[in-house]
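Work through the exercises below with the sequence and the model open. Try each task before reading its solution.

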Amino acid sequence: MRSRKNHKASSHQVQAHARHLLEPLLGTGTGTRCTTAALLKVVLTAAAQAISLFAACLRLQSMSDQTARDSLRARLPKRRAALEAKLNAALRYSVSRSTRRRRRVIACDLHEIPYHGTAAKNHLRGNKSRDGTTRFFVYATACIVEHGHRYTLACTWVQKSDTMVTVLERLLDGIDQSAVPIRRLLLDRGFFRNNVLAYLRGRNVPFLMPVMFRGRKPAPGKAATGWRTFLRKKAGWHQHILMADDQSICINVCVGYKSYRHHRTGQRQSKKLVFAAWGTRETPRRICVEYRRRFGIEASYRQLGQARIRTSTRDPILRLFFVGLALVLRNLWAWLQGLLFGEKPSPRQQAAAKRRQFRRLLVIMIEGIQQENAFDPLLT
């Protein structure tokens, strides 16, 4: 009898599945100069090789780059909310049924893409200098960080006027539409605001995030105040009352320790870690280990960069589509990994899964496009 886990996917099947996910995003264009199939070839080629639309059109020799850009602008929604709704629907499509059966640990974070040109005032957000600029296009994502279920569930473009509460509200709405129950939400220190803590508490969402220390520093004859007082407390669970919108909110605070070896001296050292939490009650050591899982979302950003179409356009809709396209392809790869190796692969299957990385999926799509174009030598 044939094994149910022994699946194989050809380049044509992978490309057909990718087209099935992306066709609803593009819709139907009003012009006849560029068909949906031809435009998808250009878009998938640019994403699979992480190049610009100009380079993809030059290699395929099917249309000009200006025709591809004009066709994308004509087919994509004109408003951010409409495009995000379509992108999140495409992200949810690849989520397996087994992922929705249990509560999952989900991480939320902001991804910054440096921008060196001029754009509308509200399109960019400022931050510390990196890659020669202090202005970035910022995108927030929610990603499952459990092994075997690392799907991106929601994505949203963060404008300058957006608050952290607004960003979290859009992400949580996307998670609710995906029907994946939340076991715990892991947040970065950048989300640490009193109104964010109150919002999550009011929405009944279990969360865990590191504390951003505020208050007076200890000085001779003066004790520390605010969140800095927890640096003097022992490991364990404590409670802290904060004010948010003229209301007092009680938050649980976990104080733990992290042991590490200094990279220069080689000596063993320890560091105190303080987390704000609600809806969870585990040992401080377990809390520190659990929060380390949040860095799984950084791997999704690394893979996003491998499939993001390069561009210098100021159009935020095109930029959002390029980011969402990379995340949709990454979810397709996660679905194929689960189809090939299951949720709990054996050590032999884990070794085989490492050889089928996200880049391999992109190569398979390029092979399918090459075969359809009768082996164009420009693609070799």
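**Exercise 1. Classify a loop residue.**
Is glutamine 61 buried or exposed?

*Solution.* Start with the area: glutamine 61 is exposed, because its relative accessible area is 54%. The cut-offs are under 20% for buried, over 50% for exposed, and partly exposed in between, with a 1.4 Å probe and protein chains only. Next, locate the residue: glutamine 61 is in the loop between α3 and α4 (65-75). Last, check the backbone: phi of glutamine 61 is near 55°, a positive value in a residue other than glycine.

Before going on, note the ground rules. Residues are numbered from 1 along each chain as its sequence is written, and side-chain values use heavy atoms, without hydrogens or water. The model is predicted: local features need pLDDT of at least 70 and side-chain atom pairs count only at pLDDT 80 or more, while totals for chains, interfaces and linings use all residues.

**Exercise 2. Repeat for alanine 50.**
Find the loop that holds alanine 50 and classify the residue.

*Solution.* Alanine 50 sits between α2 (36-48) and α3 (53-60). Its relative accessible area is 21%, so alanine 50 is partly exposed. Its phi is near 55°, again a positive value in a residue other than glycine.

**Exercise 3. Take stock of the whole chain.**
How many helices and strands are in the protein?

*Solution.* Count DSSP runs: helices are H or I with at least four residues, strands are E with at least two, and numbering starts at the N terminus. The result is 12 helices and nine strands. Then turn to burial: 50% of the 380 residues count as buried. The accessible surface comes to about 19,500 Å², and carbon and sulfur atoms hold 49% of that surface. Areas come from the Shrake-Rupley method with a 1.4 Å probe, and for residues only the protein chains shown count as cover. Finish with contacts (heavy atoms within 4.5 Å). Of those with a separation of 6 or more, 63% join residues 24 or more positions apart.

**Exercise 4. Find the buried face of α8.**
Which residues of helix α8 (residues 284-291) are buried?

*Solution.* The buried residues are Pro284, Ile287, Cys288, Glu290 and Tyr291. Seen down the axis, they fall within an arc of 165°, so they line one face of the helix. The arc is taken over the directions from the helix axis to the C-beta atoms. The general rule helps here: an α-helix has 3.6 residues a turn, so residues three or four places apart point the same way. Now look for the cover: it includes β1 (104-114), β5 (182-187), β6 (207-210), β7 (236-244), β8 (247-261) and β9 (268-278).

**Exercise 5. Trace two hairpins.**
How many bridges join β7 to β8, and how many join β8 to β9?

*Solution.* Two strands pair if DSSP finds at least two bridges between them. β7 and β8 run antiparallel, with nine bridges. In register, glycine 236 stands opposite valine 255 in β8. This hairpin has two residues between the strands, and aspartate 245 takes a positive phi near 55°.
β8 and β9 also run antiparallel, with 10 bridges. Here serine 259 stands opposite serine 270 in β9. Six residues lie between these strands, and glycine 266 takes a positive phi near 80°.

**Exercise 6. Map the nonpolar cores.**
Which residues have the most contacts inside the largest nonpolar core?

*Solution.* A nonpolar core is a set of buried Ala, Val, Leu, Ile, Met, Phe, Trp, Tyr and Cys residues joined through side-chain atoms within 4.5 Å. The largest has 105 residues, and those with the most contacts inside it are Leu72, Ile106, Leu185, Leu200, Met209, Phe321 and Leu329. Helix α10 (residues 316-341) gives the largest share, 15 residues. A second, separate core has 16 residues, including Ala107, Val145, Ala277 and Ile287.

**Exercise 7. Inspect three buried sites.**
Place histidine 149, serine 178 and glycine 368.

*Solution.* Histidine 149 lies in the loop between β3 (133-144) and β4 (152-158). It is buried, at 4% relative accessible area. Its side chain makes a polar contact with that of threonine 99 (2.9 Å). Such a contact is a pair of N or O atoms within 3.5 Å; within protein, one must be able to donate a hydrogen and the other to accept it, and residues adjacent in sequence count only if both atoms are side-chain atoms.
Serine 178 lies in helix α6 (residues 164-178) and is buried at 1%. Leaving aside neighbours within four places in sequence, serine 178 contacts Arg92, Arg100 and Leu153.
Glycine 368 belongs to helix α12 (residues 358-372) and is buried at 0%. Its C-alpha atom is 6.6 Å from that of glutamine 15, 353 residues apart along the chain.
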